[in-house]
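Some labels given to a protein model rest on a value and a cut-off. The questions below ask how each label was reached.

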Amino acid sequence: MTELEDGRWLFTDEDLLNPEKHWDFQESAARSGDTWCLSNETWVPPNAAALVAAARRTELRRFFPFTAHQYLSFSDGPTPWKSGGGQIAPACISQDPDHGYVVWNGGPYDADRNPVLMTPEPEEAAAKAVRLLAGWPSPAC
């Protein structure tokens, strides 16, 4: 994976299939996002890097991470927005200005997702997502 001068990342075909490379990208993007939040007026708290790092230290690292607005989301494939690119996990974690993090039962695009935990602790949020995604995807998928 190569970072260009303008901050974009290029994935090689081999890197695209490696969840670790996606985690590397998310960590870099989260640090950049937090830096931006600290110097701009925004509702978004500068806590993304802590969440990505905490999630990466858990079993969530087996997934391909991606962001959907302020949601850290997960997939079993590298490009869930493409046909055949992976399923989006039925749990995600959002940044929250009042609570720090909200863990959701449901994916970032699910209209019926429900909050199941609000916490200021990124490790606690990641641990709850691990429990929600235990056994996902099922072997039949």
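The turns below deal with a pair of helices and with salt bridges in this predicted model.

Q: Why are helices α2 and α3 called roughly antiparallel?
A: The axes of α2 (residues 19-38) and α3 (residues 48-56) cross at roughly 160°. Angles over 145 degrees count as roughly antiparallel, and α2 and α3 are therefore given that label. Their axes come within 7 Å, and the crossing is left-handed.

Q: Which residues of α2 and α3 meet?
A: From α2 these are E20, W23, D24, Q26, E27, A30, R31 and D34. Their counterparts in α3 are A48, A49, V52, A53, A55 and R56. By class, the contact has seven nonpolar residues, six charged and one polar.

Q: What makes R56 and E20 a salt bridge?
A: The N to O distance between their side chains is 2.6 Å. The cut-off for a side-chain nitrogen of Arg and a carboxyl oxygen of Glu is 4 Å, so the pair qualifies. R56 is in helix α3 and E20 in helix α2, 36 residues apart.

Q: Why is R56 called buried?
A: R56 has a relative accessible area of 15%. Buried means under 20%, so R56 is buried.

Q: Why does E20 count as partly exposed?
A: The relative accessibility of E20 is 34%. Partly exposed lies between the 20% and 50% limits, so E20 falls in that class.

Q: How do you know that R56 also forms a salt bridge with D24?
A: The closest N and O atoms of R56 and D24 are 2.7 Å apart, against a limit of 4 Å. This pair again links α3 and α2, with R56 and D24 32 residues apart. D24 counts as partly exposed, at 28% relative accessibility.

Q: What makes E123 and R57 a link between distant parts of the sequence?
A: Their side chains meet in a salt bridge at 3.3 Å, N to O. E123 lies in helix α4 (residues 122-132) and R57 in the loop between α3 and β3 (64-68), so the bridge ties together parts 66 residues apart.

Q: Is R57 buried or exposed?
A: R57 has 55% relative accessibility. Exposed means over 50%, so R57 counts as exposed. E123, with a relative accessible area of 43%, is partly exposed.

Q: How many salt bridges does the whole structure hold, by this search?
A: The search finds four. Salt bridges with shared partners join E20, D24, E27 and R56 into one network.

Notes. Residues are numbered from 1 along each chain as its sequence is written. This is a predicted model: local features need pLDDT of at least 70, side-chain atom pairs count only at pLDDT 80 or more; totals for chains, interfaces and linings use all residues. Side-chain values use heavy atoms; hydrogens and water are left out. Axes are lines fitted to C-alpha atoms, for helices over the stretch in contact, and angles run from 0 to 180 degrees between N-to-C directions. Helices (H or I, at least four residues) and strands (E, at least two) are DSSP runs, numbered from the N terminus. Angles under 35 degrees count as roughly parallel, over 145 as roughly antiparallel, 65 to 115 as roughly perpendicular and the rest as oblique. A crossing is left-handed if the near helix is turned anticlockwise from the far one by less than a right angle, and right-handed if clockwise. Contact means heavy atoms within 4.5 Å. Ala, Val, Leu, Ile, Met, Phe, Trp, Tyr, Cys and Pro count as nonpolar, Asp, Glu, Lys and Arg as charged, and the others, Gly among them, as polar. Buried means under 20% relative accessible area, exposed over 50%, partly exposed in between (1.4 Å probe, protein chains only).
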